[in-house]
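Subject: Structure for you to look over

Hello,

Here is the structure I said I would pass on. My notes on what turned up in it follow below.

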Amino acid sequence: MEHHLVLRVIAKFIIPMILLFAFYVQFHGDYGPGGGFQAGVIFAAGFILHALIFGLDHTRKVLPPVVLRVTGALGLLLYLGTGLAGILLGGNYLDYNVFAADPISGQHLGILLIEMGVGITVASVMLSLFYIFAQP
Amino acid sequence: MFAAAMIAILLAMFMSLCRALLGPTLYDRLLAVNVLGTITVLFIAVFGFLTGRPEFLDIGLAYALINFIATIAVLKFFEYRDMGRATEEELDI
């Protein structure tokens, strides 16, 4: 894809937009349409576009598959840790009310952490799947 | 007003869908699918305003970004028969 100048310029312009929109969907998920799963998929789509235009080898240098495996596990651990922290603080599993003195702000913090874990894991797994399928 | 725009968009979607199904060559079909994606973004936006929920614009934005990637991916696959390759010298192997 070296000679496709238009595609390369457009991709360089649009990839940061996609990643920024993924973060918007991630952090605005409490108030509007969005959430961790959708944000993870959009975030992975940005890197898939990078791999399509600049080649899989360059994307593998940016985000090696080992790093993806670690971040996929880390997101799941964040989800599990948030759930278990509810038990340790005296509530049920995934009980957000005990995270802060005020139940509303506790729920905000809890859903933010949960969605962050989901987003990290989904982005890592989507990109790992793409790496496996795109291997020549 | 939004209802009239909705009917026009649905008509345009139907016509581009016909072209995607009938198109004699691959590029007719690809262009039709790309146009269908663009019309879908308009559809989502108009539907959001029709039902009084302008948050739908977020979904339209996401659709526009992903639709671009899908078209690039299909075109690249039919041009190179491969998703991962980048440069011309690798193709000469």
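In this predicted model, helix H4 (residues 65–88) of chain A and helix H5 (residues 103–134) of chain A have axes that come within 8 Å and cross at roughly 155 degrees. Angles over 145 degrees count as roughly antiparallel, and H4(A) and H5(A) are therefore roughly antiparallel to each other. The crossing in which H4(A) passes H5(A) is left-handed. Sorted by class, the residues in the contact of H4(A) with H5(A) are 14 nonpolar, nine polar and no charged.

Both helices also turn up in the largest nonpolar core. That core has 31 residues, and the members touching the most others are Ile42(A), Ala44(A), Ile48(A), Leu49(A) and Leu127(A). Two or more residues come from each of helix H1 (5–27), helix H2 (36–54), H4 and H5 of chain A, and also from helix H3 (56–80) of chain B. H2(A) gives the most, with 11 residues.

Leu49(A) is worth displaying on screen. Leaving out residues up to four places away in sequence, Leu49(A) touches Ala11(A), Ile15(A) and Ile18(A), as well as Ile69(B) and Ile72(B).

As for chain A overall, there are five helices and zero strands, giving the pattern α-α-α-α-α along the sequence. Its C-alpha atoms fill a box of roughly 60 × 30 × 15 Å along the principal axes. Of the 136 residues in chain A, 36% are buried. Among contacts in chain A with a separation of 6 or more, 62% are between residues 24 or more positions apart.

Regards

Technical notes:
Residues are numbered from 1 along each chain as its sequence is written. Chains are lettered from A and ligands numbered from 1 in the order in which they are written. This is a predicted model: local features need pLDDT of at least 70, side-chain atom pairs count only at pLDDT 80 or more; totals for chains, interfaces and linings use all residues. Axes are lines fitted to C-alpha atoms, for helices over the stretch in contact, and angles run from 0 to 180 degrees between N-to-C directions. Helices (H or I, at least four residues) and strands (E, at least two) are DSSP runs, numbered from the N terminus. Angles under 35 degrees count as roughly parallel, over 145 as roughly antiparallel, 65 to 115 as roughly perpendicular and the rest as oblique. A crossing is left-handed if the near helix is turned anticlockwise from the far one by less than a right angle, and right-handed if clockwise. Ala, Val, Leu, Ile, Met, Phe, Trp, Tyr, Cys and Pro count as nonpolar, Asp, Glu, Lys and Arg as charged, and the others, Gly among them, as polar. A nonpolar core is a set of buried Ala, Val, Leu, Ile, Met, Phe, Trp, Tyr and Cys residues joined through C-beta atoms within 7 Å. A residue is buried if 20 or more other C-beta atoms lie within 10 Å of its own, exposed if 12 or fewer, and partly exposed in between; C-beta atoms are placed from the backbone. Two residues are in contact if their C-beta atoms, placed from the backbone, lie within 7 Å.
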